[in-house]
Each structure stands twice: as C-alpha cells, then as structure tokens.
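Visitor: Could you walk me through this one? I'd like to hear the reasoning behind the labels.

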Amino acid sequence: MQDRFRAFANAIADQVGSPWMFSAGLLLLLLWAAAGPFLHYSDTWQLLINTGTNIVTFLIVFLIQNSQNRNAQAMQLKLNEIIRAMGSARNQMLDLENCSDEEIAAIREEFRKIRERSARNRNPDGNADLTPAG
C-alpha cells in the first residue's frame with residue numbers, strides 16, 4: 001500500500017504544480033464567478049467554492065507533504081554520500097539534521113569565521129582558503 005500511495009502522491013504533486021492544473025483551476029474559478037448572477041450570489045453559490053477549495057486544499061497538503069518529505073530525505077542521503085566520499089569532509093556533517101540548535105549554531109559560527117578568514121587570505125589563484133579552523 002505504501003508504494004502505491006507514494007506513486008500516487010508523487011503523480012498528484014507533479015500534476016498540481018503544472019501550468020495545465022493552474023489553468024484548470026483558474027477556469028473553474030471563472031465558471032464559478034460567472035454562475036454567481038444566475039444563482040443570485042446565494043449562500044449555496046458561496047458554499048460551493050468554499051467547500052470545494054477547503055476539501056482540495058486539505059487533501060493536497062498531505063500529498064505534497066509526502067512528496068516533499070521523500071525529496072528531502074533523498075537529497076539528504078545524496079549529500080551524506082558526497083560527504084562520506086570526500087576524505088577531507090568531516091563526518092560530523094552526516095548527522096547534522098539531528099544536531100541540537102546550539103550545535104548547528106556553533107557550526108554556523110565556525111563557517112562564518114572561515115568565510116571571514118578566507119576573505120582576508122585569498123590564495124594567489126583567487127580562490128578562498130575554506131579549510132576549517134582549529
């Protein structure tokens with residue numbers, strides 16, 4: 001079931017983000033607006049668009065979140081593989097998403113200092129020295 005849901009969620013997320021779906025949504029909105037005078041701008045007329053958009057939004061949020069979670073996990077694994085493969089990379093970065101806010105802030109500060117130092121110490125070829133301090 002999980003594989004079918006994943007495939008379904010990815011397909012829906014791709015379709016929802018397409019220009020075709022935007023055009024279809026815009027057309028539906030225009031048709032609803034055009035129906036207003038014929039339905040005398042009644043409560044039922046307003047309820048149609050409110051209920052429809054609420055239901056669609058509610059369901060799409062879960063499908064898109066599923067797709068985004070998978071994409072974020074895949075990207076994280078790809079970055080982990082790059083870090084693992086580079087001999088000079090610090091393995092501490094492999095688990096950065098599980099670090100505390102304080103640990104992340106400390107690493108961010110370390111990279112800020114590296115940027116400042118590299119701006120002062122440009123190599124003759126114009127490249128910055130990005131080796132970690134310490």
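Guide: Sure, here are some labels and the values behind them, keeping in mind that this is a predicted model.

Visitor: What makes R6 and D3 a salt bridge?

Guide: The cut-off is a side-chain nitrogen of Lys or Arg within 4 Å of a carboxyl oxygen of Asp or Glu. For R6 and D3 the closest N and O atoms are 3.8 Å apart, so the pair passes. They're three residues apart in helix α1, which means about one helical turn separates them.

Visitor: Why is D3 called exposed, but R6 partly exposed?

Guide: Exposed means over 50% relative accessible area, buried means under 20%, and partly exposed is in between. D3 comes out at 56%, so it counts as exposed. R6 has 28%, so it lands in the middle class.

Visitor: How many salt bridges are there by this rule?

Guide: The count is five.

Visitor: What joins E109, R112 and E116 into one network?

Guide: Let's take the pairs in turn. E109 and R112 have their closest N and O atoms 2.3 Å apart, and for E116 and R112 the distance is 2.2 Å. Both values are within 4 Å, so both pairs are salt bridges. These bridges share a partner, and that joins E109, R112 and E116 into one network.

Visitor: How do these residues sit along the helix?

Guide: E109 and R112 are three residues apart in α4, while E116 and R112 are four apart, again about one turn. An α-helix has 3.6 residues a turn, so residues three or four places apart point the same way. As for exposure, E109 is at 30%, R112 is at 30% too, and E116 is at 37%; each value is between 20% and 50%, so they count as partly exposed.

Visitor: How do you know that the buried residues of α4 are on the same side?

Guide: I107, I114 and S118 are the buried ones in α4. They cover an arc of only 30 degrees around the axis, so they share a side. The face turned away from that buried side carries D101, E102, R108 and R120, which are exposed.

Visitor: What do the buried residues of α3 pack against?

Guide: They pack against α1 and α2. Among these buried residues are W45, I60 and I83.

Visitor: Why is L26 allowed in a nonpolar surface patch?

Guide: Patch residues need over 30% relative accessible area and no salt bridge. L26, in helix α2, is at 40%, so it clears the area cut-off. With F22, L29 and L30, it makes a nonpolar patch of about 410 Å².

Conventions:
Residues numbered from 1 in each chain as written. Predicted model: local features only at pLDDT ≥ 70, side-chain atom pairs only at ≥ 80, totals over all residues. Heavy atoms only, no water. Patch = residues over 30% accessible without salt bridge, like charges linked within 9 Å, V, L, I, M, F, W, Y side chains within 5 Å. Areas by Shrake-Rupley, 256 points an atom, 1.4 Å probe, with all protein chains shown as cover. Helix = DSSP H or I, 4+ residues; strand = E, 2+ residues; numbered from the N terminus. Buried < 20%, exposed > 50% of the residue type's maximum accessible area, 1.4 Å probe, protein only. Arc of directions from axis to C-beta. Contact = heavy atoms within 4.5 Å.
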